[in-house]
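Reader: Hi! Could you take me on a close look at the helices of chain B and how they pack against each other? I work at the bench, so please spell out the cut-offs as you go.

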Amino acid sequence: MIRAVIVINDQGKPRLVKFYDYQPVEKQQEIIRNIYGVLCSRAENVSNFVQDSTFGPDTRLVYKTFATLYFIVIFDDSENELAILDLMQVFVETLDKCFGNVCELDIVFNFNKVHTILDEIILGGQVVEMSSSEVVKALDDITRLEKNPNSIVRVPKSISGWQGR
Amino acid sequence: MALSGMRGLSVFISEIRGCQNKEQERLRVDKELGNIRTRFKNEKGLTPYEKKKYVWKMLYIFMLGYDVDFGHMEAVSLISAPKYPEKQVGYLVTSCLLNENHDFLRLAINTIRNDIIGRNETFQCLALTLVGNIGGREFAESLAPDVQKLLISSSCRPLVKKKAALCLLRLFRKNPDVVNVDGWSDRMAQLLDERNLGVLTSSMSLFVSLVSNNHEAYWSCLPKCVKVLEILARNQDVPQEYTYYGIPSPWLQVKTMRALQYFPTIEDPNTRRALFEVLQRVLMGTDVVKNVNKNNASHAVLFEALALVMHLDAEKEMMSQCVALLGKFIAVREPNIRYLGLENMTRMLMVTDVQEIIKRHQAQIITSLKDPDISIRRRALDLLYAMCDVSNAKDIVEELLQYLGTAEFTMREELALKAAILAEKFAPDLSWYVDVILQLIDKAGDFVSDDIWFRVVQFVTNNEDLQPYAALKAREYLDKPAIHETMMKVSAYLLGEYSHLLSRRPGCSPKEIFGIIHEKLPTVSTPTISILLSSYAKILMHSQPPDPELQNQIWAIFSKYETSIDAEIQQRAVEYFALSKKGAALIDILAEMPKFPERESSLIKRAEDTEADTAELSAIKSRAQQQASNALVVTDQQPANHPLQVTQLAMVKIPSINEENNHVDQEVTQTNGSLGEGEPQNGDIFGDLLSPLAIEGPPGVSGTETLSEDGALALAPIGEQENAVKPIVDIAEIFHALCVKDSGVLYEDPYVQIGIKAEWRGHQGRLVLFLGNKTTSSLDSVQAVILSPSHLKLELSSVPEVIPPRAQVQCPLEVVNLRPSRDVAVLDFSYKFGTSLVDNKLRLPAVLNKFFQPITLSAEEFFPQWRTLAAPPLKLQEVVRGVRPMSLGEMANLLNSLKLIVSPGLDPNANNLVASTTFYSESTRSMLCLVRIETDPADRTQLRMTVASGDPTLTFELKELIKEQLISIPTASRPPVHQQPQPTTQPISSSDPGALLAGLL
């Protein structure tokens, strides 16, 4: 299970914080501070894994840097580290598609959208969708609904391509 | 994606970004929170847009780390908004701000349910997402059926279905009962037939969760999983959007392989073959490529396949293929793969016998210990620790020592501990072990815990051959200009004990040794000064005949510290000073430390505590045990991973056996002050190294009367005790104590305690044995058999064969006394601990005097009886010699404790005692017994005793009983068992201070 997805910048400022295990705000901040402390001292060209005991002995932490941002996923030992890296890549690719070459500012000013995107990828600490094109499709529907709340998204089954047998 | 930004929100974010410092940010946030609070108070005036905006702001502020303790109701109320934009914000923010137990959530449960069962798919998605993220037990109970319906409905779109699957997973975790196993195994199998990979991904996660809970119910799904893998591996009809860098849904492949690892095995040969084909393809067909993302994805699958192969314990060929792959991985450029390669090698060591193959990669692994990435270095350290055995210990430990010099601080303690453990476990010879530990202390003294140096002292003490070597090494380290304080402690200790073995070497005369130690004294801290003082006392003791100059020097130091502000130091100084004036007696009192009892390494115990992955460690250990070098004398006798060792250690020092013993212990400690206040009673005998000479001789040294009295009664326990498990109480002593009282502990070892409680009425008695299991696991093959002497009829109620963890069972024992006899009933108690059988034969305190009932006689009653029982065999007289010295009062107490009640004043001679009692047995009925003891004030070691009763046997037995109690028995000077459980390599001779003391008295 994924315990948390966190995005912080290279100054340690939180840009996206989503815990799938409820943590009180002080604890969240403490975790973020600790993680930043570890990550900012890591060199380049090292592994993406950090020994982490934020949530107890079995948790692991994988991070990836994109420009000025650290993307961090904390998870337990039921997940595969490299697959989590794939997941981060999918998340970032999706952000890229939504914002067009995403940068830190996009995430800062659209943190609400980023939450929406994340919700389409991870639900309750489990991956709900790994195909970024599928995620984008779902987000397009949402955007349309936001603009015109009265329209109802209805995709006829025959052309949806998702045949549910 | 077009962005429907909110100006107010953007402005707020900009202003926060513009804040120069945290203080400004806080002010801005507080202002905003105040603003939101006022706006919410007057809710009527708020447009849905505004409400939405404020709720987003709240989430932003929450993310920045400020507590948002209001407005939750507003967020929750948005959930019931009719239009999508408000509803979406409500759902999203609620699931970030609230936890599952929040009261407001309960209020929204109906709205949420309506959205789930409603016809609007987007609302369904929102509701399922919230429940999947923060749904609690209450949600599980009221929503699970609806969610299940969505998941299996054929008309439900994949978008909704995949969320329903994960929502159900959450509800299942909150309350496993919501998924009915019988009904669900078929449905789960159907879900795994799903062709939409999005839905299948979610369903697979649900499946992993279900099988991890109960794989038995889902055997029918196993072939489906293999089928999924086959489809993905052959890349059959995998839509473009689910191929990731050309690999068919690596995530789903990984999840499916993970699910298979929850099944213990795969029995169906066809399924097994199909799976192995897939795995083979993955193992063979994965190459390191340039694209990082592709590499990650393909290796994610590969590592999962490796894990599955290890789990299935596949054929040897496949396993060696895996090891070969791992060997390749640990040498690649890509750091993630190196990391995982090392980690998986460690894991592999646990499951299969690949030690030898992995050893081939030792050089590479050692190189990884110098990797720039600390994460990789840690994995390398773990692996080296796991793969270490007798054959490579020297190389590995030396590498670790070398690395210690450059390692970062966060790793040093672990490194030092691991090096120490490996050195201890696999030392090819003991001098090497001493070298390693001393080097450890030298290089990283700050990170070497006391446990480590205590351990080396223990080894040296227990191995005579090692002593000169260790002393010499210690001497060499003292030549260094600056040495760590821990090194000072070890060196001072070792030289104090063993420097006399070096005295012929240049620079090693007592005077020189003293000089080199003493010159460091000004630089050390108080606890170390205590050790130094002890070592001066020892040096003084060893320099015979005494060198007056050295003696004066040391005396001067002692008298200087007699006024030390530190009570510990002061006491040592005073005592050593006084002792050292005693001349030859000093030699005995300060004699070399006896060998330490064999015990578990506290290091290993500690490693266990620090090691996160205990399973890993214990697996490593169990392997290590098989290979452990037998070069070491002190080894683990028990299965080392047994948690009980803790109690064992704790019990060594503080035997809370019975009041009398405690009393003795306290007496001892008080007289020689081995347990000064503030001394941590950590229960580890090594703690004693820091205390004064209290334990440097057996406790008899302190020579209090209390002790000698108890000691004098000590008898050897019945039967040969060659058990691996040693009692932690002195059984003989305890038995004697129980002879004169009716409840207490009969026996205790680290795992078992037997208590006893007795009631006596006439010739009958009822004993209750309390068999207590002190451990956290159950005790097996428990047997208690009574070996009954002919004069007693004993009936033990059935004893359960198993005693549950931490439980105590009571076994009543009925006793009937048939006739007078001093024979003793024996309880043969045995149980199984691990593989070894522990068997103890314990004497039961159902002894002659238990059938006495006190009676006080007046002169008019006594003398007629006394005269009636005129001659042998009814009246016996004996002059007893070798009586323990005791005052008349003490003797009266002794008789009273046996229920032989002394009637003072009955005998006109003040030096005589007259006592009486009634004895009960079936043959004799109640029978009066009379005793007269005439003492000689001029010679307390002899007396004349006259015993009379109406039964010749009784008279004889009673006389013998009293004699036993009065005479000091030669074995009396045996020190209590818990001080000396090791084999009797030490002759109990005149050099034994206890014996010497007993002789003096």
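Author: Happy to; what follows goes from confidence to helix packing and then to a few backbone details.

This is a predicted model, in which local features need pLDDT of at least 70 and side-chain atom pairs count only at pLDDT 80 or more, while totals for chains, interfaces and linings use all residues. Residues are numbered from 1 along each chain as its sequence is written, chains are lettered from A and ligands numbered from 1 in the order in which they are written, and side-chain values use heavy atoms, with hydrogens and water left out.

Let's begin with confidence. The model scores ipTM 0.91 and pTM 0.65. For chain B the mean pLDDT (the predictor's confidence in each residue, from 0 to 100) is 80, and 84% of its residues reach 70 or more. Chain B holds 41 helices and 16 strands; these are DSSP runs numbered from the N terminus, H or I over at least four residues for helices and E over at least two for strands. Among the elements of chain B, the lowest mean pLDDT, 27, belongs to helix α34 (residues 645-653), and the highest, 96, to helix α13 (residues 250-260). Two stretches of chain B deserve a careful eye. Over residues 611-721 of chain B the pLDDT is below 50, and beyond near neighbours in sequence this stretch has 223 contacts in the model, a contact being heavy atoms within 4.5 Å. Residues 970-1001 of chain B also have pLDDT below 50, with 43 contacts beyond near neighbours in sequence.

Now for the overall build. Of the 1001 residues in chain B, 58% are buried, where buried means under 20% relative accessible area, exposed over 50%, and partly exposed in between (1.4 Å probe, protein chains only). Among chain B contacts between residues at least 6 apart in sequence, 68% join residues at least 24 apart. Helix α13(B) is a good example of burial: 11 of its 11 residues are buried, so it is largely enclosed by the rest of the structure. Among them are B:Trp251, B:Met257 and B:Leu260, along with the charged-type names you might notice, B:Lys255 and B:Arg258.

On to the helix pairs. Helix α20 (residues 374-387) and helix α22 (residues 409-426) of chain B pack at an angle of about 15°, with their axes 11 Å apart. Here axes are lines fitted to C-alpha atoms, for helices over the stretch in contact, and angles run from 0 to 180 degrees between N-to-C directions. α20(B) and α22(B) are therefore roughly parallel, a label for angles under 35 degrees (over 145 is roughly antiparallel, 65 to 115 roughly perpendicular, and the rest oblique). Their crossing is left-handed, meaning that the near helix is turned anticlockwise from the far one by less than a right angle; clockwise would be right-handed. The residues in contact include B:Ile374, B:Arg377, B:Leu381 and B:Tyr385 of α20(B), and B:Met411, B:Leu415, B:Lys418 and B:Leu422 of α22(B). An α-helix has 3.6 residues a turn, so residues three or four places apart point the same way. By class, the contact of α20(B) with α22(B) has 7 nonpolar, 1 polar and 6 charged residues. Ala, Val, Leu, Ile, Met, Phe, Trp, Tyr, Cys and Pro count as nonpolar, Asp, Glu, Lys and Arg as charged, and the others, Gly among them, as polar.

Next come helix α23 (residues 430-444) and helix α25 (residues 466-478) of chain B, which pack at about 25° with axes 10 Å apart. α23(B) and α25(B) are therefore roughly parallel too, and α23(B) passes α25(B) in a right-handed crossing. Among the contacting residues are B:Leu430, B:Val434 and B:Leu438 of α23(B), and B:Tyr469, B:Lys473 and B:Tyr477 of α25(B). This contact has 8 nonpolar, 2 polar and 3 charged residues.

A further pair is helix α27 (residues 510-518) and helix α29 (residues 548-561) of chain B, whose axes come within 10 Å and cross at roughly 30°. That makes α27(B) roughly parallel to α29(B), and the crossing is left-handed. B:Phe514 and B:His518 of α27(B) take part, as do B:Leu550, B:Ile554 and B:Ile557 of α29(B), among others.

Finally, the loops. The peptide bond from B:Pro872 to B:Pro873 is cis, with omega near 5°, and B:Pro873 lies in the loop between α38 (859-868) and β12 (875-880) of chain B. B:Lys899 has a positive phi of about 65° although it is not a glycine; B:Lys899 sits in the loop between α39 (888-897) and β13 (901-902) of chain B.
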